Amino acid sequence: MDLVNYGCCMSADEIPASQEPADALAAVAALRRLADQIEDAAVEQAMRAGWSWPQVAEALGVTRQAVHKKHAKRLIAAGVKLRRR
Amino acid sequence: MATIDHYINAIIEQAGCEAQETGSATIEAHHLLLAIAVKGETGTRQVLTSAGLDHQAIRDALDREFEHSLSAAGVSLAAFDLPRPSRAAKPSTQLGASAKLALERGFASADRKRDLRPAHLLLGVLRAQAGTVPRALTLAGVDQAELAARVMRSLTLEGG
C-alpha cells in the first residue's frame, strides 16, 4: 500500500511513501496521538493568552462544550486563568 | 478480593499514571507494559529486564516507535515547537481498546481464574499481534515471541 495514493492534491514527491500496511496503520495511530498532544499544547497556549472557550472551539471546529469537557479540568488544575466567555 | 485482583488493580492504577504522564486520555497496552516494568511482581520484572526492558528502555522504545510511525507519513516530531502541555488533573482510569485486548488475552491465557498469575498479565500484553507494543519491541531489537516464551517458562517453573 502506498500512502500517496490517498492524497488528492499532493504528488508522490511531497509525501514519503510507506510500502507496508503495518507502517501506514501505525502512522494513523501515531498521527492521532500527535494531534491530541498538539491540541493539548495549543489549547493551553491559547487559554493562557486570554482566548475564550468559544474562540478556541471555533478555531478547532468543535463545539464549545466539547472543548470545555476535554480541557477545562486539566487547565484549572494547571492554574490557567480561564475566561468565562 | 484475591491477591491477583489487587495486583491487576495496582497495575491498572500505575498504567493510569503512565497514561497521564504521556498525555493520553486512555490507558493503552503500552501503559500496562510500563506499569508492569515499575510495579510488576519481581519474577515478571526479571523476565523483562533479562530482555533489556526496564522502564526507561521501554519508554525509549515507545518514543522511537512514535517517531518512526510518524515518519511513515512524512511527519517529524521535531517540526512541532509547542510548549509541553500541562498534565491531566488526575491519572487516567479509562481503558483503551489495546489495554482491554491485552487484559482479555491475559485472562484467556490462564486455564482457570484461580490460576491467574502476574505473568499472565504480561503475556496478554506480549500477545498483541499488531500495534504500538510489538512495533516498539521490534525497534528495541527484542524478539517478542521469544520473550513471550520466556514468560510462559517462568509460569511453568512457578508451577502455575
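Which residues in α1(B) meet which residues in α2(B)? I began my notebook with this question, working on a predicted model.

**Entry 1. The contact of α1(B) with α2(B)**

I listed the residues on each side of the contact. From α1(B) I noted Ala10(B), Ile11(B), Gln14(B), Ala15(B), Glu18(B) and Ala19(B). Facing them in α2(B) I found His31(B), Leu32(B), Leu34(B), Ala35(B), Ile36(B), Val38(B) and Lys39(B). Sorted by class, the residues of this contact are nine nonpolar, two polar and two charged. I then looked up the geometry: helix α1 of chain B covers residues 3–21, and its axis comes within 8 Å of that of α2(B). The two axes cross at roughly 115°, and the crossing is right-handed.

**Entry 2. α2(B) and α5(B)**

I stayed with α2(B), which spans residues 29–39, and turned to helix α5 of chain B, residues 97–108. Their axes lie 7 Å apart and the packing angle is about 60°. I recorded α2(B) as oblique to α5(B), because the angle is neither under 35 degrees nor in the range 65 to 115. On the α2(B) side the contact is made by Ala29(B), His31(B) and Leu32(B). The α5(B) side supplies Ser98(B), Ala99(B), Leu101(B) and Ala102(B). I counted five nonpolar and two polar residues here, with no charged ones. I also noted that His31(B) and Leu32(B) take part in the contact with α5(B) and in that with α1(B).

**Entry 3. Chain B as a whole**

How many helices and strands does chain B have? I found eight helices and zero strands, in the sequence pattern α-α-α-α-α-α-α-α. I next checked the radius of gyration, which is 16 Å. The globule rule gives 15 Å for 160 residues, so I entered chain B as being as compact as a globular protein of that length. The C-alpha trace spans about 50 × 35 × 25 Å along its principal axes. Of the 160 residues, 42% count as buried. I also looked at contacts between residues at least 6 apart in sequence: in chain B, 68% of them join residues at least 24 apart.

**Entry 4. Val151(B)**

I chose one residue of chain B to examine. Val151(B) is placed in helix α8 of chain B, residues 144–158. Is Val151(B) buried or exposed? I recorded Val151(B) as buried, because 26 other C-beta atoms lie within 10 Å and the cut-off is 20 or more. Leaving aside residues up to four places away in sequence, Val151(B) touches Val47(B), Ala119(B), Leu122(B), Leu123(B) and Leu126(B). I also looked up Val125(B), which is 26 residues from Val151(B) in sequence and 11 Å from it in space, C-alpha to C-alpha.

**Entry 5. Chain A as a whole**

I then turned to chain A, which has three helices and zero strands. From the N terminus on, its elements run α-α-α. Of its 85 residues, 18% count as buried. Among contacts in chain A with a separation of 6 or more, residues 24 or more positions apart account for 30%.

**Entry 6. Ala57(A)**

I picked Ala57(A) in helix α2 of chain A, residues 53–60. Ala57(A) has 18 C-beta neighbours inside 10 Å, and I therefore entered it as partly exposed. Its contacts, not counting residues up to four places away in sequence, are Val62(A), Thr63(A), Arg64(A), Ala66(A) and Val67(A). Val43(A) is 14 residues from Ala57(A) in sequence, and the C-alpha to C-alpha distance is 9.2 Å.

**Entry 7. Where the chains meet**

Which element gives the largest share of the side of chain A that touches chain B? I first noted that 27 residues of chain A are in contact with 19 residues of chain B. The elements of chain A that give two or more residues to this side are α1 and α3 (64–77). The largest share, 18 residues, comes from α1(A). By class, I recorded 17 nonpolar, three polar and seven charged residues on this side of chain A.

**Entry 8. α1(A) and α4(B)**

Last, I looked up one helix pair across the chains. Helix α1 of chain A, residues 21–48, and helix α4 of chain B, residues 55–71, have axes that come within 8 Å and cross at roughly 110°. That angle makes α1(A) roughly perpendicular to α4(B). The crossing is left-handed. From α1(A), the contact is made by Ala26(A), Ala27(A), Ala29(A), Ala30(A), Leu31(A), Arg33(A) and Leu34(A). From α4(B) I noted Phe66(B), Ser69(B) and Leu70(B). The residues of this contact comprise eight nonpolar, one polar and one charged.

Methods:
Residues numbered from 1 in each chain as written. Chains lettered and ligands numbered in written order. Predicted model: local features only at pLDDT ≥ 70, side-chain atom pairs only at ≥ 80, totals over all residues. Axes fitted to C-alpha atoms, helices over the stretch in contact; angles between N-to-C directions. Helix = DSSP H or I, 4+ residues; strand = E, 2+ residues; numbered from the N terminus. Parallel < 35°, antiparallel > 145°, perpendicular 65-115°, else oblique. Left-handed = near helix turned anticlockwise from the far one by under 90°. Contact = placed C-beta atoms within 7 Å. Nonpolar A, V, L, I, M, F, W, Y, C, P; charged D, E, K, R; others polar. Rg over C-alpha atoms; globule rule 2.2 N^0.38 Å. Buried ≥ 20, exposed ≤ 12 C-beta atoms within 10 Å, placed from the backbone.
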